[in-house]
Amino acid sequence: MIPSTPVGVALLLLLIAPGLAYVLRREKAVPTGPRTAFREALQVVFVSVASLTVIGLLATLLRTIAPEHTLDVRRLIQAPGPFARGHHVQVAWWSFGVLASATLLAWVMADPRIIRGLHWLSTHRPFTWLTGASSSDIAEISGWWRVFDDRRPKYTAKVDVGVLKDDGTYIQGTLVSWTAGGLDYDKRELVLKEPLRYQTTDGKQHNLPVDMVVIAGRDIRRLDVKYLMEANRQDVGEPTEEAPTRRPSDESDDASQP
């Protein structure tokens, strides 16, 4: 039931603040496909309730440890009006603290590193037995995010991207930024910087005399991604050069030489 009074609407917006913070950050960090309004509303409500429950349990634990420095929730529930009038400052500060802590908790849980960690746990036992997850599950996650963020090696210095456009031309350069835009190509953009190489449909290559180029997602047919590692590390996909092994006969020959 939606509240009809201004105070009720304001209270509802405050209570769903944790879920809203989670959804807004997760959409920026992990772009997914379009969802119905009902599903988005359920996600906001669920995250808000879960965050407020966790913080409420922590506040209850703190109450048992230091009852003289915490809010007496039992008296507040038994006589909310008289208790709130007599301890309005304490009630206001504790309400703000619980809500702010729950919002911060939800915002932290939307961190891409935590999301990747939870995904990694879901692919290992016993979590696979509990969740039923498998490597063949359909993922509602953008492939752009997987190659540019999720699967990007730790010590990557820069990412070289080749773009095959619908008109058959090919542009290659260093990735600067990309716009998630969910799974809607009309809202995606890819920004590349120099050195920029341009190949026409007849196979001729040219150097673009510009610093950066912006490519609309609706014009992209294929993306080729190459991770370039730091100077003291090996690029992904390149074979390692192993030092030649010395045989025992070689060592004996060296020892016999003056």
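**A surface patch and selected local environments in the predicted model**

Val54, Leu58, Leu61 and Ile65 form a nonpolar surface patch with about 390 Å² of accessible area together, where areas are Shrake-Rupley values obtained with a 1.4 Å probe and only the protein chains shown as cover; patch members have over 30% relative accessible area and no salt bridge, nonpolar side chains being joined within 5 Å, and a salt bridge being a Lys or Arg side-chain nitrogen within 4 Å of an Asp or Glu carboxyl oxygen. The model is predicted, so that local features require pLDDT of at least 70 and side-chain atom pairs pLDDT 80 or more, whereas totals for chains, interfaces and linings use all residues. Residues are numbered from 1 along each chain, and side-chain values use heavy atoms, without hydrogens or water.

Leucine 58 belongs to helix H3, a DSSP run of H or I with at least four residues. The 29 residues of H3 (37-65) should span 42 Å at 1.5 Å a residue, in agreement with the 42 Å between its end C-alpha atoms, the expected span being 1.5 Å times one less than the number of residues. Gln43, Val44, Val47, Ser48, Ser51 and Ile55 are the buried residues of H3, buried meaning under 20% relative accessible area, exposed over 50%, and partly exposed in between.

Aspartate 111, in the loop between helices H6 (88-109) and H7 (112-122), counts as buried because its relative accessibility is 9%; a polar atom of its side chain lies 2.8 Å from the backbone nitrogen of arginine 113.

Arginine 197, by contrast, is partly exposed at 27% relative accessible area.

Key
Helices (H or I, at least four residues) and strands (E, at least two) are DSSP runs, numbered from the N terminus. Buried means under 20% relative accessible area, exposed over 50%, partly exposed in between (1.4 Å probe, protein chains only). A polar contact is a pair of N or O atoms within 3.5 Å; within protein, one must be able to donate a hydrogen and the other to accept it, and residues adjacent in sequence count only if both atoms are side-chain atoms. Patches are made of residues with over 30% relative accessible area and no salt bridge: like charges are joined within 9 Å, nonpolar side chains (Val, Leu, Ile, Met, Phe, Trp, Tyr) within 5 Å.
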